[in-house]
Amino acid sequence: ARKYVVKNYFEGVPKREDFEVVEYELPPLKDGEILVKTEWLSVDPYQRAYNYLFKVPYDQFGFQVGIVQESKDPKFSVGMKVVTHKGWSDYAIAKDGELSGPVGYVYPLPDLKGLSPSLGIGAVGMPGVTAYFGFLEICKPKAGETVVVTAAAGAVGSLVGQIAKIKGCKVIGFAGSDDKVEWLEKKLGFDKALNYKTVNIAEALKEAAPNGVDCYFDNVGGEISSIIINQMNKFGRVSVCGSIGSNNMTDLPKATILQPAIVSQQLTIRGFITGEWYERWHEGFSQLVDWIKSGQLKAGEHVTEGFDNIFDAFLGVLAGENKGKAVVKV
Ligand code: NDP
């Protein structure tokens with residue numbers, strides 16, 4: 001089998017030399033274990049973020065959709081499709097409940113009703129339930145409210161915006177290219193999308209949301225988030241999902257003062273880790289599948305082919321090359 005191992009603590013943007021692909025012999029299965037052949041692998045920003053925590057080399061972690069080749073767990077039969085969290089590997093031994101990276105997820109691929117199995121690591125996988133629960137449970141959107149989302153064309157952001165539309169909200173998304181802006185407005189039905197690299201963010205937002213912002217789904221943190229939070233209405237809700245905007249920074253800027261806006265507007269700001277709702281993930285999966293099947297939700301994907309190209313696919317996510325979920329077909 002082959003797997004990617006992280007050799008170094010990332011300084012700034014991760015480099016190819018920070019990874020090593022190792023070949024090794026898989027041991028025979030023990031009771032409770034399954035052997036999984038990877039079909040689809042996920043490349044995600046959190047694989048960059050967790051490098052802050054693991055300052056020693058570790059196997060790269062991450063989700064995959066694969067097929068069970070051998071099984072010593074009666075819950076999983078040979079040929080079954082499963083979602084595991086065994087990192088960037090072509091074959092892996094997985095065990096229900098055993099930790100891999102920060103989590104230990106192994107579960108049968110949800111019933112996708114004929115949709116591509118790759119959605120099991122995208123819109124009907126961890127990013128899907130991140131958008132679903134992270135937005136609905138924390139922002140508690142009401143019809144007619146104005147919702148803003150950053151990294152809006154990404155895996156999580158593109159779903160948050162569309163879920164907000166399903167809930168009857170007005171949706172404004174920030175993304176990093178004109179092509180993404182067009183995709184969000186023309187294909188995904190966002191009311192307004194803005195290229196944060198070329199507009200004056202404060203002015204453009206004031207124009208797009210003249211009545212202020214009620215919900216903000218924050219994927220990036222940093223200055224853009226401070227600007228958005230300063231345009232929030234009374235009792236606004238902020239769901240803090242990620243901080244991709246600062247993950248690669250080696251020199252963090254000074255703090256922006258947000259407290260006047262938080263106090264005067266009586267805001268609720270809450271961070272989350274999507275595993276918080278793990279027991280309810282299948283509830284989210286089945287709703288997400290129904291929305292995709294009915295055409296209300298579009299599950300964009302950015303596919304890279306080949307095990308050898310995983311690192312490039314990962315860098316591509318950090319550089320904003322993806323529209324929708326970035327996945328690798330092994
Ligand atoms: P995306 O598919 O959104 O890919 C990342 C996107 O972030 C890029 O396409 C890029 O788009 C944007 N980006 C990159 N660098 C910057 C920057 N410096 N400033 C602003 N935007 C940037 O990834 P995900 O949907 O998987 O993840 C989105 C966020 O959600 C991340 O912060 C991630 O860590 C977080 N997350 C949190 C989870 C949780 O449980 N809390 C679970 C899953 C994800 P653009 O062209 O617009 O710049």
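## Two domains, a ligand shell and an open sheet

The centres of domain 1 and domain 2, taken over C-alpha atoms, are separated by 28 Å. Their contact takes 17 residues from domain 1 and 16 residues from domain 2; two residues are in contact if their C-beta atoms, placed from the backbone, lie within 7 Å. This is a predicted model, in which local features need pLDDT of at least 70 and side-chain atom pairs count only at pLDDT 80 or more, while totals for chains, interfaces and linings use all residues. Residues are numbered from 1 along each chain as its sequence is written.

### Domains

In the domain assignment of the protein chain, domain 1 covers 2-122 + 300-329 and domain 2 covers 126-274. Domain bounds come from an automatic or database domain assignment.

On the side of domain 1 that touches domain 2, helix 1 (46-49) and strand 16 (325-329) each supply at least two residues. Helices (H or I, at least four residues) and strands (E, at least two) are DSSP runs, numbered from the N terminus. That side of domain 1 has 7 nonpolar, 6 polar and 4 charged residues. Here Ala, Val, Leu, Ile, Met, Phe, Trp, Tyr, Cys and Pro count as nonpolar, Asp, Glu, Lys and Arg as charged, and the others, Gly among them, as polar.

### The ligand

The ligand is surrounded by 31 residues, of which G154, V156, G176, G242 and G320 are the closest. A residue is counted as near a molecule if its C-beta atom, placed from the backbone, lies within 6 Å of it. Domain 1 and domain 2 both give residues to this shell, so the ligand lies between them. Elements that give two or more residues to the shell are helix 1, helix 2 (126-139), helix 3 (155-166), helix 7 (244-247) and helix 10 (310-318). Helix 3 gives the most, with 3 residues. By class, the shell has 17 nonpolar, 12 polar and 2 charged residues.

### Strand pairing

Two strands pair if DSSP finds at least two bridges between them. Three such pairs are listed below.

| Strands | Sense | Bridges | Opposite residues |
|---|---|---|---|
| strand 5 (64-71) and strand 6 (81-84) | antiparallel | 4 bridges | G66 and V82 |
| strand 6 and strand 8 (106-108) | antiparallel | 3 bridges | V82 and P108 |
| strand 9 (146-149) and strand 10 (170-175) | parallel | 4 bridges | T146 and K170 |

V82 of strand 6 thus appears opposite G66 and also opposite P108 in strand 8.

Strands 9 and 10 belong to an open sheet of 6 strands in the order 11-10-9-12-13-14, with parallel pairing. Strand 11 (192-195) and strand 14 (268-271) are the edge strands, each pairing on one side only. From one strand to the next, the twist averages 15°.

### Helix 2

Helix 2 packs on the sheet and touches strand 12 (213-218), strand 13 (232-240) and strand 14; its direction makes about 150° with that of strand 13. Axes are lines fitted to C-alpha atoms, for helices over the stretch in contact, and angles run from 0 to 180 degrees between N-to-C directions.

The axes of helix 2 and helix 9 (residues 281-293) come within 9 Å and cross at roughly 95°. The two helices are therefore roughly perpendicular to each other, a term that covers 65 to 115 degrees. Helix 2 makes this contact with G128, V129, Y132 and F133, and helix 9 with W281, G284, F285, Q287 and L288. By class, the contact has 6 nonpolar, 3 polar and no charged residues.

Conventions:
Parallel < 35°, antiparallel > 145°, perpendicular 65-115°, else oblique.
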